[in-house]
Amino acid sequence: MGHDASEAERIMPETIFNIVQSGFLLYLAALTVGYLGLNLISIFSLRQYFEERQGEGFPGTFTGYEPQISIIVPAYNEAATIVNSIRSLLQLKYSEYEIIVVSDGSTDNTVDVLRQEFGLKPFPEAYSHDLPTQPVRATYHSSVYTNVRVIDKENGGKADSLNAGINLSVYPLFCCIDADSILAQDSLYRVVQPFLLESRTIAAGGTVRVANGCVVNNGLLKTVGLPSRFLALLQTVEYLRAFLSGRQGWSPLNAMLIISGAFGLFRKEAVLKVGGYRTNTIGEDMELVVRLHHHYRLNGQPYRITYVPDPVCWTEVPEDLRTLRNQRIRWQRGLCDSLAGHFELCCHRKGGTVGWLAFPFMVIFEWFGAVFEMLGYVLLLAGLAFGLVSLHVWMVCMCVAVGFGVTLSLSALLMEEMTFHLYQRPSDLLKLLCVSVVENFGYRQLNSYWKLIGLWRWLRGTKAEWGKMVRSASWQSPQSPPGSS
């Protein structure tokens, strides 16, 4: 009897670990199939997209009568980068647009820098209050550039700043970008394309790339390069994978749930219809897109939300672990807010591809994916340490996990080379190839751990904070005087 009990005690842990390793491998297999499917869609849609571009002779087909765009730039303590960002916007090739900079209670000299560089003059004006915001202290117009306005308001967060910009905007489309970002000169022409080709388009997003290592002179990107800091280099591959594989894959299905807050174009009427940006979430960019899907799907109204691969926005990424950690925890909390607040869309009878494919995919692999992944790693290591998992099985699991990550990164790099080929030096390509492999040994697991922290804090209801974004602005050259070319 005692012998049977001890045998049962030995078999039970082995059974548990067998179930765990099987579940972990099943999870990785499902994840691999899902992302490889998105990659296949991305490859075919990218090829079709660029073939159509060549046939159109783009952008020569534009007439000068494109819809006017209001560019909204929320800024909080952005004195280091704001001037080059605005100069970049002033050099955009587009028929008619305005730039609205919203200083969200900045405590540095953001407004003073803007006043000096662009000749700001106080200009009280009446405007609609369609969306509630924190009080506006003052509004300014540039005496140098007629299409530049600045709002100085009480601090209310990024979403509140965007709502204030929407209230003061006068054009039917608005484009939101980050204050530390640089747009390619033809970005507006390209990102507005879906609105011209399909009248049902309510939102479109472009590609965001890493600016660290590039050279920007007077608001213009002069040289494309790779970051010198290893942490930023890791993020370069990560951004390629997120945009060229992920969003490009979901877009043809009209199931893209994220448009980056760094660069997105929206139909103002549609955003006002759903109440603007939510100020009670830290992931206002994703939440708005999910809410637009939710509203239009469940009300049976035709619409399109699109990703356009070649409008490029260059942005600075964190170069230290603390800042990156805070950013990723914040992103995960925003994702949790966005999905939880619109869970009705998941598998709803009117949900379409977004409700039946994208939403469940994001729940399983992004919302709770870190739980499965970290639990699998921990239990497999424990099983190996206590002799419950053989070294052979452990190696198989690790090889599958690493091989999956490398495959996704290399496929994104392949798509980059097939389409844009921005990193032209052989040494840069070699670095990216190496990073595509190295990131799977620690960095990917660290990201999963940060996601786990974000999920835990969201479950506990801990107050979300943005944290301080440390920017070097080393990729930007000194600014020229106002009005100079």
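Two residues are in contact here when heavy atoms lie within 4.5 Å. With that meaning, Thr-110 touches Ala-75, Asn-77, Glu-78 and Ala-79, not counting residues up to four places away in sequence. This is a predicted model, in which local features need pLDDT of at least 70 and side-chain atom pairs count only at pLDDT 80 or more, while totals for chains, interfaces and linings use all residues. Residues are numbered from 1 along each chain as its sequence is written, and side-chain values use heavy atoms, with hydrogens and water left out.

**Thr-110 and its surroundings**

Thr-110 is found in helix α3 (residues 110-118); helices (H or I, at least four residues) and strands (E, at least two) are DSSP runs, numbered from the N terminus. Thr-110 is buried, with a relative accessible area of 0%, where buried means under 20% relative accessible area, exposed over 50% and partly exposed in between, for a 1.4 Å probe and protein chains only. The side chain of Thr-110 also makes a polar contact with the side chain of Asp-108, at 2.6 Å. Such a contact is a pair of N or O atoms within 3.5 Å; within protein, one must be able to donate a hydrogen and the other to accept it, and residues adjacent in sequence count only if both atoms are side-chain atoms.

**The sheet**

Ten strands form an open sheet with mixed pairing, in the order β3-β4-β5-β2-β1-β6-β11-β8-β12-β7. The strands β3 (120-122) and β7 (181-183) stand at the edges with a single partner strand each, so one side of each is left without a neighbour in the sheet. Direction ignored, neighbouring strands of this sheet are turned by 30° against each other on average. Two strands count as paired if DSSP finds at least two bridges between them, and the table lists four of these pairings.

| Strands | Sense | Bridges | One pair of opposite residues |
|---|---|---|---|
| β1 (69-75) and β6 (173-177) | parallel | four | Ser-70 and Phe-174 |
| β2 and β5 | parallel | six | Asp-104 and Lys-153 |
| β4 (136-142) and β5 | antiparallel | five | Ala-138 and Asp-152 |
| β6 and β11 (263-267) | antiparallel | five | Leu-173 and Arg-267 |

Strand β5 is joined to β4 by a hairpin through five residues. Six of the six residues of β5 are buried, so this strand is largely enclosed by the rest of the structure. In a regular strand the side chains alternate between the two faces of the sheet. Both faces of β5 are covered, with Val-148, Val-150 and Asp-152 buried on one side and Arg-149, Ile-151 and Lys-153 buried on the other.

Strand β6 is likewise described by its burial: five of its five residues are buried, so β6 is largely enclosed by the rest of the structure. Leu-173, Cys-175 and Ile-177 lie on one side of β6, Phe-174 and Cys-176 on the other, and both faces are covered. Besides its bridge partner Arg-267 in β11, Leu-173 has Ile-69 standing opposite.

**Helices and core**

Helix α2 (residues 82-90) lies across β1, β2 (97-104), β5 (148-153), β6 and β7, and runs at about 165° to β2. Helix α7 (residues 230-250) lies across β8 (201-210) and β12 (304-315), running at about 155° to β8. For these angles, axes are lines fitted to C-alpha atoms, for helices over the stretch in contact, and the values run from 0 to 180 degrees between N-to-C directions.

The largest nonpolar core has 139 residues, of which Ile-69, Ile-71, Ile-82, Ile-86 and Phe-266 touch the most other members; such a core is a set of buried Ala, Val, Leu, Ile, Met, Phe, Trp, Tyr and Cys residues joined through side-chain atoms within 4.5 Å. Ile-86 touches Val-73, Ile-99, Val-101, Leu-114 and Phe-118, not counting residues up to four places away in sequence.

**Aromatic pairs**

A search of the whole structure finds 19 aromatic pairs. Rings of Phe, Tyr and Trp (its six-membered ring) pair if their centres lie within 6.5 Å, and planes under 30 degrees apart count as stacked, over 60 as edge-to-face and the rest as tilted. Tyr-49 and Phe-50 form an edge-to-face pair, 5.3 Å centre to centre with 85° between the planes, and both Tyr-49 and Phe-50 are buried. The rings of Phe-343 and Phe-359 have their centres 5.8 Å apart and their planes at 85°, so this pair is edge-to-face. The pair links distant parts of the chain, 16 residues apart, with Phe-343 in the loop between α10 (321-340) and α11 (352-367) and Phe-359 in helix α11. Phe-343 counts as partly exposed at 41% relative accessibility, whereas Phe-359 is buried, with a relative accessible area of 0%. Ring pairs also link Tyr-27, Tyr-35, Trp-250, Phe-361, Phe-365, Phe-372 and Phe-404 into a cluster.
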